[in-house]
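Thanks for making time this morning. I would like to walk you through one structure, going from its strands to its core and then to its charged pairs.

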Amino acid sequence: QAPLVESGGGLAQPGGSLRLSCAASRFSFALYNMAWYRQVPAKERELIASIESPGGNSNYVDAVKGRFTISRDNAQDTLYLQMDSLKPEDTAVYYCNAVSTSTTLPLFPWGQGTQVTVSS
């Protein structure tokens, strides 16, 4: 199994909500800072939210601050992203990864991602 498997994407209306999950395996999930990224066609993958190990501070880019919440369940090796007040510009493929403490660079091979489409 790939070390990171994202799920929970789909179609949502503007103003709606979705909850993404990221199942981690084959590494000590609780020891790593984790992050959610998103990518739209022709653009680079963008880190949008991160959470420290084992469950400390979280950080968000301005575009999602106040609307998205990152959380983790270390007992289940799972990372979550609660997305509320969705906007059409949130449409993207969403990915998770562990991140380096010093550089915030992603550490593991990317999963397949999960598509989020926000449209009426």
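Let me start with the open sheet of four strands, whose order is β1-β3-β8-β7 and whose pairing is antiparallel. The edges of this sheet are β1, residues 4-7, and β7, each of which pairs on one side only, and from one strand to the next the twist averages 15 degrees. Please keep in mind throughout that this is a predicted model. Within the sheet, β7 and β8 run antiparallel and are joined by six bridges, and in that pairing Arg-72 stands opposite Leu-79 of β8.

Leu-79 brings me to the interior, because I would like to ask next which residues of the largest nonpolar core touch the most other members. They are Trp-36, Leu-79, Leu-81, Met-83 and Tyr-94, out of 26 residues in that core. At least two residues of this core come from each of β3 (18-24), β4 (33-39), β5 (46-51), β7 (68-73), β8 (78-83), β9 (92-99) and β10 (114-118). Leu-81 is a good place to look in detail: leaving aside residues up to four places away in sequence, Leu-81 touches Leu-18, Arg-19 and Leu-20, then Trp-36, then Ile-48 and Ala-49, then Phe-68, Thr-69 and Ile-70, and also Tyr-94. Apart from the largest core there lies another one, of five residues, including Ala-35, Tyr-37, Tyr-95 and Val-99.

Now to β9, and to the matter of what covers its two faces. In a regular strand, the side chains alternate between the two faces of the sheet. In β9, one side carries Ala-92, Tyr-94, Cys-96 and Ala-98, the other carries Val-93, Tyr-95, Asn-97 and Val-99, and all of these are buried, so that both faces are covered. Since eight of the eight residues of β9 are buried, this strand is largely enclosed by the rest of the structure. As for its partners, β9 runs antiparallel to β4, with seven bridges joining the two, and here Trp-36 stands opposite Cys-96. β9 also runs antiparallel to β10, to which three bridges join it, and in β10 the bridge partner of Val-93 is Gln-115.

Finally, the charged pairs, of which the salt bridges number four in this structure. Arg-38 takes part in a salt bridge with Glu-46, at 3.7 Å from N to O, and in another with Asp-90, at 2.9 Å from N to O. Why is the second of these pairs of interest in terms of sequence? Arg-38 lies in strand β4 whereas Asp-90 lies in the loop between β8 and β9, so the pair ties together parts that are 52 residues apart in sequence. As to exposure, Arg-38 is buried, at 9% relative accessible area, and Asp-90 is buried as well, while Glu-46, at 35% relative accessibility, counts as partly exposed. Arg-38, Glu-46 and Asp-90 belong, together with Arg-67, to a network of salt bridges.

A further salt bridge joins Lys-65 and Asp-62, with the closest N and O atoms 3.2 Å apart. Here Lys-65 counts as partly exposed, at 48% relative accessibility, and Asp-62 is exposed, with a relative accessible area of 65%. I will stop there and take your comments.

Terms used
Residues numbered from 1 in each chain as written. Predicted model: local features only at pLDDT ≥ 70, side-chain atom pairs only at ≥ 80, totals over all residues. Heavy atoms only, no water. Core = buried A, V, L, I, M, F, W, Y, C linked by side-chain atoms within 4.5 Å. Buried < 20%, exposed > 50% of the residue type's maximum accessible area, 1.4 Å probe, protein only. Contact = heavy atoms within 4.5 Å. Pairing = 2+ DSSP bridges. Axes fitted to C-alpha atoms, helices over the stretch in contact; angles between N-to-C directions. Salt bridge = Lys/Arg side-chain N within 4 Å of Asp/Glu carboxyl O.
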